[in-house]
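Please open the model in your viewer and keep the selection tool at hand. The stops below go from the surface to the interior.

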Amino acid sequence: MVSPAAQTAPERAAPPRPATSGQRDAFFDNAKYAAIVLVAVGHAWEPLRDGSRAVSALYMLVYAFHMPAFIIISGYFSRSFEARPEQLKRLVTGLLVPYVIFETAYTFFTRWTDGEPGRPISLLDPLYLTWFLAALFVWRLTAPLWRRLRYAVGVALAVAMLATLSPIGNDLDLQRVLQFLPYFVVGLMLRPEHFRWVRRRAVRIAAVPVFAGALAVAYWAQPRMTGGWFYHRDSAGELGAPPWAGLVMTPVLFVCSLVLVACFLSWVPGRRMWCTVLGTGTLFGYLLHGFVTQAAGRFDWYDPAWVHTPGGALVVTAVAATVVTLLCTPPVRHALRWVVEPRMPWLFRREPV
């Protein structure tokens, strides 16, 4: 993470603005880029966890806040969603169509990587990374309701807690949709001044011991608890815990994740940087890096012993960050916009003038 020390105090404290048609806010693009790098690095660390408690602790720490950060930002930029015709069109072409395309693509790809030629294509059972597209589609459709509801965050948190009581099934990965819902609703409720607050110098300084303490807790907890709680995809019973455990763990993890997200955002630079333009293409990096991660297993990239040393973990981290960075670049976005952000005017009726 690059420190915003080169800015003056007023510049650092300037409140971020939602993007307009003529201008994007560099702060949010920088935040999205940093978050997508953490997503890719987290996936790259998965095969290294068994041999390293330190990697497992870092993995647990990253998973405690990287997707909540993404989801909160998604909620913040969904505040204006009112289900107007042009918004519904973008919802279909920007989420629903890419979901169908990548769900199909990942099914065919995993038939090859996992050696399962009979794996069926199921649009109701999101595969690998595609759950986020399905979840964001559902969350955004319900955004007008949450904005008009009293105590919306409390209600969403109650829904998430109740979802942990029993298995729901794999349809649209509803466990994740419900358990991650409070973060999206938090994003809907945020205003520019909240981001101005977390970017104060005092918060940035406090974030250092907070992250250090969180890493120490993760190192202690790693052999004592399952990291499945941070995936938010299973009920308490499926994680080997009594049903009431979900009623306790959900709000505890929610608070911890919000604190870590605030600390993470406090370190995000607000000025335009080399990585700012990459933040506009994070959906490309998100959807495409999974093919590289899946191929790593197929080609046994993690088999050499040196990969499981501290130096090897650093190399894996650097490679993952580099790959996802390249996948967010303008040339990749230009070449693959037709599948990630398709324009389909033929699909919709013309609005009456």
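Which residues make the nonpolar surface patch of about 550 Å²? In this predicted model, select Leu162, Leu165, Trp244, Leu247, Val248 and Val252, which together form that patch. Colouring helix 13, residues 243-266, then shows the element that gives the most to the patch, with four residues.

Stay with Leu165, which lies in the loop between helix 8 (152-163) and helix 9 (174-179). Leu165 has a relative accessibility of 35%, and it therefore counts as partly exposed, since that class lies between the limits of 20% for buried and 50% for exposed.

Next, follow the chain to the loop between helix 13 and helix 14 (282-298), and select Pro269 there. Is Pro269 buried or exposed? Its relative accessible area is 4%, so Pro269 is buried. Add Phe28 to the selection: although 241 residues separate Phe28 from Pro269 along the chain, their C-alpha atoms are 9.2 Å apart.

Now turn to the aromatic side chains, among which 28 ring pairs are counted. Select Phe70, Trp131, Phe132, Trp139, Phe180, Tyr183, Phe184, Phe254 and Tyr286, and you will have a cluster whose members are linked by such ring pairs. When you inspect a pair, bear in mind that two aromatic rings are described by the distance of their centres and the angle of their planes.

The last stop concerns charges placed over rings. Show Arg49 with Tyr59, where the charged end of the arginine sits over the tyrosine ring at 4.2 Å from its centre; then show Arg53 with Tyr219, where the charged end of Arg53 sits over the ring of Tyr219, with 4.2 Å to the ring centre.

Note on methods
Residues numbered from 1 in each chain as written. Predicted model: local features only at pLDDT ≥ 70, side-chain atom pairs only at ≥ 80, totals over all residues. Heavy atoms only, no water. Patch = residues over 30% accessible without salt bridge, like charges linked within 9 Å, V, L, I, M, F, W, Y side chains within 5 Å. Areas by Shrake-Rupley, 256 points an atom, 1.4 Å probe, with all protein chains shown as cover. Salt bridge = Lys/Arg side-chain N within 4 Å of Asp/Glu carboxyl O. Helix = DSSP H or I, 4+ residues; strand = E, 2+ residues; numbered from the N terminus. Buried < 20%, exposed > 50% of the residue type's maximum accessible area, 1.4 Å probe, protein only. Phe/Tyr/Trp six-rings, centres within 6.5 Å; stacked < 30°, edge-to-face > 60°. Lys NZ or Arg CZ within 6 Å of the ring centre and 35° of its normal.
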